[in-house]
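Here is a brisk report on one protein chain. It starts at a single loop position and works outward to sheets, helices and overall dimensions.

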Amino acid sequence: MTTAILGISAFYHDSAAALVVDGEIVAAAQEERFTRKKHDPAFPASAIDYCLKEAGLKPEQLSYVAFYDKPLTKFDRLLETYLAYAPAGFKSFCLAMPLWLKDKLHMRRTLRRHFTSQARLVFTDHHESHAASAFFPSPFDSAAILTLDGVGEWSTATFGSGEGNKIRLLQQLQFPHSLGLLYSAFTYYCGFKVNSGEYKLMGLAPYGRPVYQDLILKHLVQLKPDGSFWMDMDYFNYCQGLTMTNAKFHELFGGPPRPPESMLEQRHMDLAASIQKVTEEIMLRMGQEIHRQTKMKNLVLAGGVALNCVANGRLLREGPFENIWIQPAAGDAGGALGAACFVWHQLLDKPRQPGGQDAQKGSLLGPRYASEVIAAFLSEMDAPHQRYSNEADLLQAIAALLAQGKIIGWFHGRMEFGPRALGARSILGEARNRTMQSTMNVKIKFRESFRPFAPCILQERVADYFEMRPDQESPYMLLVASLLPQHRISLSETERKEMEADPDLRRRVNIVRSTLPAITHVDYSARIQTVDEKRHGRYYRLMKAFEALTGSPVIVNTSFNVRGEPIVCTPRDAYRCFLATDMDALVLEDFVLLKEQMKASVTAAEREKYLGQFQLD
Ligand SMILES: [Fe+2]
């Protein structure tokens, strides 16, 4: 008899469902992709439907439903925090309570409403879910585990170890002392959205100098040699208020928070650089300590902070661990997968089969669409297209368009699980093109961005371009590495001066500093995705075709969406995004659509509708 375990994360941020059948990760997806609401926290009904459909199961065939945290313990933390700060937290208490009383507190009842079957309900601890998502799908027989996020029930960081089919958490840091919340406080202070703008702050850091690092370590954070720390809550407001920071914090850093969308000043870049350095220091110290205690050569990571790919890159280069694996859905969406894996291995004592590759399947765990479905859709839309029956012809045609500097919407295979597009729902471009970054930002993503795009590089050529070993993989775009000196272009004296005087980063972004300008940050770093045939199949073969044509093993990969929109899921989502932007071509599996062949009236109308819907981030 098969054992089907459904994992769920919901009601906080980025709801998701994941399905593990007899130990195999069969499907996983975030709810936002179906509802088209970014970071949708609602009960993931659509994601659950999809997971069951993928496996050909009905809800009553589920053996277990695992929820990714323990709502009662979380509620306990909430109440204790409110009481400790009362009456200061009364306003946020009143805002939080209705949600708790409606769904969260009665999670068992909520789940039973959806699953009337005999499925047993299991509630795993929040950080246990993260730890399970990091270790069980990893390629390692044994590994040290580090989880870092904002907060779960009480824990904000844990470490432990995984061996065979068991994980064990040894130590934890508790709320309100939290690296995730510390980083979010600076995200908020610098004018970005908490829970999603952290990535922007990390991207801003290379423009600044860490001049506030000492101030942070003197006043905000008391950091110990083992990486544990204590935060002075006199500077923060998240325990009792609706903001992250308070007047004392603002006074310390020289002014009020930056209003969102306003001009970025050097001060904000320096703040970003400073908190980034502190984060790296904390993670490196933690890494040292975990290694000292466990003596293991492998490390696995999960929790929202594990999406900090700059810190991950340093951990890999400078830390004591030989190998690192990071759960691609490191945030709370991945908790759904962790909870399901936890039931199978930890509770049911089923063995793992690690060896060679991880069990995450390239994180390509979402829906796919058959050619017949796409053909029917295109005929419904009356959209001019060409269908290729031969893959090599298709890939050659797309490689040629890329080489001409065209921007391609690439939709192939199963959708990615986790926040990054990894070549299944991606927008692609030529990385050597000097104007690619600004064109993609302004005409496709509808944003002015200081962040360069991420490169995809053929696995076998990674050491030719970046400071990485030839065998080092980064299939999930979770590591940052530097471009090798031979690909860098040094700046002229005039460019250097212009760059320093540049008030709003626009000029800095456009100064060509390498042979791959679209993907090189000001400090020559890049967020890398290595692409291999086993994981990436057709996407790898597209890159091979591009390499054969141009000699370059690198292309730009950005997520297939516009600003404020979740990554596209269906052919319809992709088609609408294609029409509404200045993308030159859309590839839907074997079908190619060219913008020049589309009716101008259709694209103009779609753009108007689309941007009204999504542009606000
Ligand atoms: Fe979390």
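## A loop position and its surroundings

Ala-329 sits in the loop between β12 and α13 (333–347). The model is predicted. Ala-329 is buried, because its relative accessibility is 3% and the cut-off for buried is under 20%. Its contacts, leaving out residues up to four places away in sequence, are Gly-334, Phe-417, Gly-418 and Pro-419. Take Phe-417: 88 residues separate Ala-329 from Phe-417 in sequence, yet their C-alpha atoms are 6.4 Å apart.

A second loop residue is Phe-450, between α16 (436–444) and β16 (454–458). Phe-450 has a relative accessible area of 9% and is buried. Its C-alpha lies 34 Å from that of Ser-155, with the two positions 295 residues apart along the chain.

## The nine-strand sheet

Nine strands form an open sheet with mixed pairing. The order is β13-β21-β20-β14-β15-β19-β16-β18-β17. β13 (386–387) and β17 are the edge strands. Each has a single partner, so one side of each lacks a neighbour in the sheet.

Inside this sheet, β14 (residues 408–411) and β15 (residues 425–430) run antiparallel and are joined by four bridges. Ile-408 has Leu-428 of β15 as its bridge partner.

Two helices pack on the sheet. Helix α14 (residues 371–381) touches β13, β20 (585–588) and β21 (591–594). The direction of α14 makes about 30° with that of β21. Helix α21 (residues 538–550) touches β14, β15, β16, β18 and β19 (554–559). The direction of α21 makes about 85° with that of β16.

## The five-strand sheet

Another open sheet has five strands in the order β3-β2-β1-β4-β5, again with mixed pairing. Its edges are β3 (24–30) and β5 (120–123), each paired on one side only. On average, neighbouring strands here are turned by 20° against each other, direction ignored.

β4 (residues 64–67) runs parallel to β5, and four bridges join the two. Val-65 faces Leu-121 of β5 in this pairing. Helix α2 (residues 45–55) packs on the sheet and touches β1 (4–9), β2 (16–21) and β3. The direction of α2 makes about 150° with that of β3.

## Covered helices

Which residues of α12 are buried? They are Cys-309, Ala-311, Asn-312, Gly-313, Arg-314, Leu-315 and Leu-316. These buried residues pack against α8 (198–204), α11 (266–294), β11 (298–302), β12 (323–326), β17 (479–482) and β18 (525–531). In α22, the buried residues are Pro-571, Asp-573, Ala-574, Tyr-575, Cys-577, Phe-578, Leu-579 and Ala-580. Counts for both helices follow.

| Helix | Range | Buried residues |
|---|---|---|
| α12 | residues 309–318 | seven of ten |
| α22 | residues 571–580 | eight of ten |

Both helices are mostly covered.

## Cysteines

How many disulfides does the structure hold? The number is zero. For Cys-190, the nearest cysteine sulfur is that of Cys-309, 18 Å away. A disulfide needs the sulfur atoms within 2.5 Å, so a pair at that distance does not qualify. Cys-190 is buried, because its relative accessibility is 0%.

Cys-569 is in no disulfide either. Its nearest cysteine sulfur belongs to Cys-51, 11 Å away. Cys-569 also counts as buried, at 0% relative accessibility.

## The whole chain

The protein chain has 23 helices and 21 strands. Its radius of gyration is 24 Å, close to the 25 Å that the globule rule gives for 617 residues, so the chain is as compact as a globular protein of that length. Along the principal axes, the C-alpha atoms fill a box of roughly 65 × 65 × 50 Å.

Of the 617 residues, 63% are buried. Among contacts with a separation of 6 or more, 72% join residues 24 or more positions apart. The exposed area of the chain is about 24000 Å², and carbon and sulfur atoms supply 52% of it.

Key
Residues are numbered from 1 along each chain as its sequence is written. This is a predicted model: local features need pLDDT of at least 70, side-chain atom pairs count only at pLDDT 80 or more; totals for chains, interfaces and linings use all residues. Side-chain values use heavy atoms; hydrogens and water are left out. Two strands pair if DSSP finds at least two bridges between them. Axes are lines fitted to C-alpha atoms, for helices over the stretch in contact, and angles run from 0 to 180 degrees between N-to-C directions. Contact means heavy atoms within 4.5 Å. Buried means under 20% relative accessible area, exposed over 50%, partly exposed in between (1.4 Å probe, protein chains only). The radius of gyration is taken over C-alpha atoms; the globule rule is 2.2 Å times the number of residues to the power 0.38. Accessible areas come from the Shrake-Rupley method with a 1.4 Å probe; for residues, only the protein chains shown count as cover.
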